[in-house]
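I sat down with this one to look up its holes and its helix packing. My notes follow in the order I went.

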Amino acid sequence: MSLQPDRLGAVTTHPRSPPWRTEEYEDLFAQAPVIFVALSGPSHLLEAANPAFFEAFGGGRTLTGAPIGELIPELGPQGVLDRLDAVYRTGTTFRARGARLVLGAPGKEREGFFDFTYEPRRDAVGEVDGVIVIAVETTVHHHAQLLASEQRILLEQIARDAPLGSILTGMARAIEDLSPDLIVSVLLADPDGRHLRHGTGPSLPAFYNEAIDGIPIGADVGSCGTAAYLRVPVTVTDIATDHRWKDYREVAERAGLAACWSTPILGTDDGLLGTFAMYHRAPKAPEETDLALSAAFARIAALAIERHQALEASRAAREREREAREDLAFVLDASTAITREPHYADCLQRLARLTVPTLAPLCSVHVLEDGRTRRIAVAAATPAEEDLLASPVLAGQVDAAVARVLASGATETSPPGAPPGDPPGLPGVTGYVSVPLATLGRTFGVLTLVATDGPLDCHAVGLAEELARRAASSADNAHQFSDRVQLARDLQAGLLPPQLPRIPGVDLAAYYHPAGEGLEVGGDFYDVFPLPDDRWAFMIGDVCGRGALAANTTGMVRHTARAAARLLHDPADVVAAINDALTGSPLDEEHFVSLVYGELRHAGSHLALELIRAGHVPPLVRRADGTVEHLVQSGLLLGIGPEFHGAPCRLDLAPGDSLVLVTDGITEARSATGEFFDEHRLADALLTLPGTASGAAGLIEAVHAAVTAFAGRSTPDDQAALVLTAT
């Protein structure tokens, strides 16, 4: 390579000087560390040079009296001879700082950096008869600057919390750039304290990195395993003959590695963090610069690894805190859900459903009633696991565990290290836990969880015990209440208008007005509740009749909808489940229910709705531009027959669009002359509103005002309305 043009110094001209004799050169420069060369004639014969020149440029070549281009031919292609010609021809001094030269015979090249001064030499009459070259080698300084720069970059990456792999790989490549003959590898101490794991080795073959990944830490395990064991640097100058490499000699030979110098990476507490290794492709002992380089970068690697470990510990702590919050939220939400179930069997069935699949894929709940054990609830994550739970072998094993827990009142788990299925004793079963349901010192039931994908850990067992403790109290309370108290709960849960939730992108408003004085329980209801996958369910309905039966049916419809909607993903299936609940009721009376049930989700810039109508008042859609649409698609009333047939209606609500749902207490409200308010007057009430400024509450107010103006305040039927407006 030629001298870098951007590093040329200022060009100056000096007055003529008398020629120097060779003896004078030797006297002046023989012992000087500065490189000195005297060249004569246009062919630049090497007239004299001091030892510093031959040490830096000669490579064992110490002859003089020949052109320097012949003695050191590598100078020609790099522009040195051209520069000498220019100085000789023009008589002008030339200076260059930090010039890079590659010196040495092929196969023995080395890179050097120099500050040069080329001075023309003049004879007695002032004519140029040669060139004097004075140089100072700055290679060490140059490398020190590069080293400092690379270290600064790595430290900045550590401060920015860059990934550990990126830092270590960058460090390895920086060292290999500084010393092209070296190959760098970093191994990290395994948490078990007995092995070393791959950290980086970008220039090593993949098969070699794989071979040394996980090597043990020991007294005679290559260079790295030994250095980690002794906690001191280990130098192996010839892998082929060193006994410590006996188990890795073959793979090292395949990788073309002949020497390895390894330095342990120690933390601030002197704990082992890993090893820093430098390989060489020929047998060689490290030089002082190599050892200094290894020590310097081992310290940087220690900083990076300790920083990474601190970050990982912080992340782990945050993860444990998050898991603890999630556990608490799960227990609280599950406890709340269980407490809300008014019936004993429903409470325990909810308990079973809540544990699957969060705690285990299979769950059963047994209770002790009148001296006999009965399985009251089951839940399974998949149909296949449900079949497994129903198998006689597993059922028998679970029954046996339940009997033991009822007798002891203590939790029973599969023994640690027990083979899969022993107990419960079936292929595919990997563990179980049976937790007592107890209150006031009496065990009245058992919650059993069965695992099929690995043993149940202490975390799952602890959550099961806490949930069982809370559920036992709720179940016992439900069991102890009298029929009258239970009925009161049904009335309250089924009929009181629920508090509407907050749904992003949706404005909700509702209206409920009881018939007459509001002393008799009616059957109008509405509800809005969340579903998985950021979906929401909404419904409005009317139960035929009045009193306790209507209240009980209302509660059953709402709770069935909430339970079914979390398990089913089709509104038609949810409505069918409600119909099944109505037709399967043990009560003798018939239950007729009209209903609009729907689900909504966010779809880009609008709301996507699916709703199904079962004999109910047709929903209305008020668009943002003030137009009103009727949705007339309908199915039969619920509770009439064992099957429900109906197809959902799909609807998109853009911002400002509203869905208006009412019960027939509004459309069938009568004026003083006996006329019905009907759907047309309802649509007219919505049309008179200006634009979208009123929102859901404004639409509710418009409906209420129109009905009151038409039929008066006292009505013979309950009135309910629910409005959803896209925002």
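Which helix supplies the largest share of the lining of the second largest cavity? Helix 8 does, with three residues. Before going further I should jot down that this is a predicted model.

**Entry 1: the second largest cavity**

I stayed with that cavity for a while. I get a volume of about 80 Å³ for it. Helix 8 covers 222-230, and helix 7 (206-212) is also on the list of elements that supply at least two lining residues. The lining residues I wrote down are Leu-187, Tyr-208, Ile-212, Ile-215, Val-221, Gly-222, Ser-223, Cys-224, Trp-245, Tyr-248 and Tyr-279. Sorted by class, I have nine nonpolar, two polar and no charged residues in the lining of the second largest cavity.

**Entry 2: the largest cavity**

Next I asked how many cavities of 30 Å³ or more the structure holds. I find seven. The largest cavity has a volume of about 110 Å³. It is lined by 13 residues, and the ones closest to its centre are Phe-57, Ile-68, Val-80, Phe-116 and Val-133. I then checked which elements give two or more residues to this lining, and got strand 1 (35-40), helix 2 (51-58), helix 4 (80-90) and strand 4 (110-122). Strand 1 gives the most, three residues. I looked for polar or charged residues in the lining of the largest cavity and found none of either, with 13 nonpolar.

**Entry 3: the second largest pocket**

I moved on to an open space, the second largest pocket. About 930 Å³ lies in it. Of its 24 lining residues, I noted His-143, Leu-178, Ser-179, Glu-287 and Thr-289 as the ones nearest the centre. Strand 4 turns up again here, supplying at least two lining residues, as do strand 3 (94-103), helix 5 (139-159), helix 6 (164-178) and helix 10 (288-340). Which element gives the most to the lining of this second largest pocket? Helix 5, with five residues. By class I have nine nonpolar, five polar and ten charged residues in the lining of this pocket.

**Entry 4: helix 6 on helix 10**

Helix 6 and helix 10 both line that pocket, and I wanted to see how the pair packs. Their axes come within 10 Å and cross at roughly 170°. An angle over 145 degrees counts as roughly antiparallel, and helix 6 and helix 10 are therefore roughly antiparallel to each other. From helix 6, the contact uses Leu-164, Ile-167, Leu-168, Met-171, Ile-175 and Leu-178. From helix 10, I listed Leu-293, Phe-297, Ala-301, Ala-304, Ile-305 and His-308. The residues of this contact divide into eleven nonpolar, one polar and no charged. Leu-178 is also one of the residues nearest the centre of the second largest pocket.

**Entry 5: helix 10 on helix 11**

I followed helix 10 along to helix 11 (344-355). Helix 10 and helix 11 pack at an angle of about 155°, with their axes 9 Å apart. That makes helix 10 roughly antiparallel to helix 11. Is the crossing of helix 10 and helix 11 left-handed or right-handed? I get right-handed. Phe-330, Ala-334, Ala-337 and Ile-338 of helix 10 meet Cys-347, Arg-350, Leu-351 and Leu-354 of helix 11. Counting classes in the contact of helix 10 with helix 11, I have seven nonpolar, no polar and one charged.

**Entry 6: helix 19 on helix 20**

One more pair. Helix 19 (residues 678-687) and helix 20 (residues 695-711) have axes that come within 9 Å and cross at roughly 130°. The two helices are therefore oblique to each other. Helix 19 passes helix 20 in a right-handed crossing. Helix 19 brings Arg-681, Leu-682, Ala-685 and Leu-686 to the contact, and helix 20 brings Leu-699, Ala-702, Val-703, Ala-706 and Phe-710. I have eight nonpolar, no polar and one charged residues in the contact of helix 19 with helix 20.

**Entry 7: backbone oddments**

Last, I went through the loops. Val-356 and Pro-357 are joined by a cis peptide bond, with omega about 0°. Pro-357 sits in the loop between helix 11 and strand 12 (362-369). I also flagged Asp-161, a residue other than glycine with a positive phi, near 60°. Asp-161 is in the loop between helix 5 and helix 6.

Key:
Residues are numbered from 1 along each chain as its sequence is written. This is a predicted model: local features need pLDDT of at least 70, side-chain atom pairs count only at pLDDT 80 or more; totals for chains, interfaces and linings use all residues. Side-chain values use heavy atoms; hydrogens and water are left out. Axes are lines fitted to C-alpha atoms, for helices over the stretch in contact, and angles run from 0 to 180 degrees between N-to-C directions. Helices (H or I, at least four residues) and strands (E, at least two) are DSSP runs, numbered from the N terminus. Angles under 35 degrees count as roughly parallel, over 145 as roughly antiparallel, 65 to 115 as roughly perpendicular and the rest as oblique. A crossing is left-handed if the near helix is turned anticlockwise from the far one by less than a right angle, and right-handed if clockwise. Contact means heavy atoms within 4.5 Å. Ala, Val, Leu, Ile, Met, Phe, Trp, Tyr, Cys and Pro count as nonpolar, Asp, Glu, Lys and Arg as charged, and the others, Gly among them, as polar. On a 1 Å grid over the protein atoms alone, a cavity is a set of points where a 1.4 Å probe fits but cannot get out, and a pocket is an open set with protein on both sides within 12 Å along at least five of seven lines; lining residues have an atom within 4 Å of a point. Grid points are joined across faces, edges and corners, and a volume is the space filled by probe spheres set on the points.
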